[in-house]
Amino acid sequence: MMKIKTLEMLTLNIPFYCERVRKHMHRALTHGERIYVYRAELDNGIIGYGESMGDESGNIAQVVGQNPFAIMQNDGIGFGIQMSLFDAVGKTVEVPIYQLLGKKVRDACPISWWDIDMPPEDWVEEAKESVKRGYTSIKLKARPWRDIFAQVEAVGKVVPEGYRFDIDFNGFLRTADGAIPVLQELDKHPNVAIYESPFYLGTDLEGAGRLQEAAEKPIVEHFNEPCLHARCCGGFVVGGGATGTRRVEALCASFDKPFWLQMVGTGITTAYTMHIGAILTCAKFPAITCHELWEDDLLKDRLEVVAGTIQVPENPGLGVEVDESALERYRVEPGTPTP
């Protein structure tokens with residue numbers, strides 16, 4: 001019987017790719033340079049990789065010695081550990097991860113650039129960079145200490161026709177009545193495509209429905225069943241373990257609600273997200289992985305973005321080759337602070 005021989009957690013600090021991103025990410029503290037990579041070795045010598053933004057080392061003891069087939073569908077073992085087991089098992093049976101998850105419904109998955117709130121001139125430079133790298137959409141964090149109308153106007157002047165803005169308010173518009181005039185004004189801009197969490201919709205389902213009716217563009221919220229059953233928004237943000245994500249897919253499909261996958265990490269997580277997105281019919285909005293934030297994606301070959309999509313890898317496991325030299329270059333001792 002196959003067993004997990006060893007499972008190691010590598011602690012990494014990967015710098016952000018440029019000074020403007022470093023400056024704003026250090027201010028905002030949404031997430032930092034810290035990445036945890038998990039290296040699982042099976043007793044057949046196969047090695048699988050996963051990663052997470054969180055420390056899952058407390059789960060390692062319960063995983064080592066187990067049959068990977070028996071536990072890899074268990075979300076409770078941790079996002080990064082689960083990913084590493086899917087990678088190792090896929091390599092063992094010589095199939096890409098998506099074949100371990102379900103039936104493929106798309107060959108390429110949409111993906112979006114991501115940025116924290118910045119002054120207009122910095123968003124402009126980020127948008128230009130995203131276009132150079134093949135992106136056709138960007139998720140932007142709107143904040144009340146900045147003028148979102150001026151920001152959108154500035155970025156709209158430097159992107160191609162059809163380039164999409166997904167604007168995330170993180171609840172800062174606070175109420176439906178506060179949000180309606182803002183969204184109706186933004187609706188006029190041709191690049192604006194989606195609004196995320198103008199306020200936290202689950203706190204006022206009636207107001208959420210009223211807001212969606214007043215706005216032309218779809219409003220999305222982090223998945224929750226009250227909003228789904230109230231049919232008060234145009235879609236959702238979905239993330240988490242493989243089994244839970246497929247459960248949410250089934251629920252969204254029954255209500256015909258699209259979503260985007262949000263799974264933050266480097267190229268390792270991005271490859272994994274493409275496998276999951278390949279089998280989810282409702283994963284129609286561009287995924288968010290934020291992997292372009294860092295100066296290195298930890299892969300030997302970059303996942304190429306073409307017309308806003310990434311091809312689903314077809315090689316066994318994750319279908320990508322992790323750069324071991326990069327792991328060693330960015331590795332730090334556990335407990336080392338990030339910049």
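At what angle do H4 and helix H12 (residues 267-279) pack? The tour returns to this pair after an overview.

**Before selecting**

This is a predicted model, in which local features need pLDDT of at least 70, side-chain atom pairs count only at pLDDT 80 or more, and totals for chains, interfaces and linings use all residues. Residues are numbered from 1 along each chain as its sequence is written, and side-chain values use heavy atoms, with hydrogens and water left out.

**The whole chain**

Begin with the full chain, whose secondary structure comes to 13 helices and twelve strands. Helices (H or I, at least four residues) and strands (E, at least two) are DSSP runs, numbered from the N terminus. Along its principal axes, the C-alpha trace spans about 60 × 45 × 35 Å. The radius of gyration is 20 Å, which agrees with the value near 20 Å that a compact globule of 339 residues would have. That radius is taken over C-alpha atoms, and the globule rule is 2.2 Å times the number of residues to the power 0.38.

**The three-stranded sheet**

Next, select strand S1 (4-13) and strand S3 (47-52), the edge strands, each of which pairs on one side only. They belong to an open sheet of three strands in the order S1-S2-S3, with antiparallel pairing. Two strands pair if DSSP finds at least two bridges between them. Neighbouring strands of this sheet are turned by 20° against each other on average, direction ignored. Axes here are lines fitted to C-alpha atoms, for helices over the stretch in contact, and angles run from 0 to 180 degrees between N-to-C directions.

Add strand S2 (residues 34-42), which pairs with S3 in the antiparallel sense over six bridges. Select Tyr 36 and look for its bridge partner in S3, Ser 52.

**Helix H4 and its neighbour H12**

Now display helix H4 (residues 79-93), which lies across S1, S2 and S3 and runs at about 155° to S3. Adding H12 answers the opening question: H4 and H12 pack at an angle of about 70°, with their axes 11 Å apart. The two helices are therefore roughly perpendicular to each other; angles under 35 degrees count as roughly parallel, over 145 as roughly antiparallel, 65 to 115 as roughly perpendicular and the rest as oblique.

Show the side chains of Phe 79, Gln 82, Met 83 and Phe 86 in H4, which meet Ile 268, Thr 269 and Tyr 272 in H12. Contact means heavy atoms within 4.5 Å. The residues of this contact divide into five nonpolar, two polar and no charged. In this grouping, Ala, Val, Leu, Ile, Met, Phe, Trp, Tyr, Cys and Pro count as nonpolar, Asp, Glu, Lys and Arg as charged, and the others, Gly among them, as polar.

**The seven-stranded sheet**

Move on to the open sheet of seven strands, in the order S5-S6-S7-S8-S9-S10-S11, where the pairing is parallel. Strand S5 (113-115) and strand S11 (259-261) stand at its edges with a single partner strand each, so one side of each is left without a neighbour in the sheet. On average, neighbouring strands of this sheet are turned by 25° against each other, direction ignored.

Within the sheet, select strand S8 (residues 192-196) and strand S9 (residues 219-222), which pair in the parallel sense over two bridges. Tyr 195 stands opposite Ile 219 in S9.

**Two further helix pairs**

Select helix H8 (residues 176-186) and helix H9 (residues 205-214), whose axes come within 9 Å and cross at roughly 15°. H8 and H9 are therefore roughly parallel to each other. Their contact includes Ile 180 and Leu 183 of H8 and Arg 210 and Leu 211 of H9. The contact residues divide into six nonpolar, two polar and two charged.

Finish with helix H6 (residues 120-132) and helix H7 (residues 148-156), which pack at an angle of about 35°, with their axes 9 Å apart. Among the residues making this contact are Trp 123 and Val 124 of H6 and Ile 148 and Val 155 of H7. Here the division is eight nonpolar, one polar and no charged.
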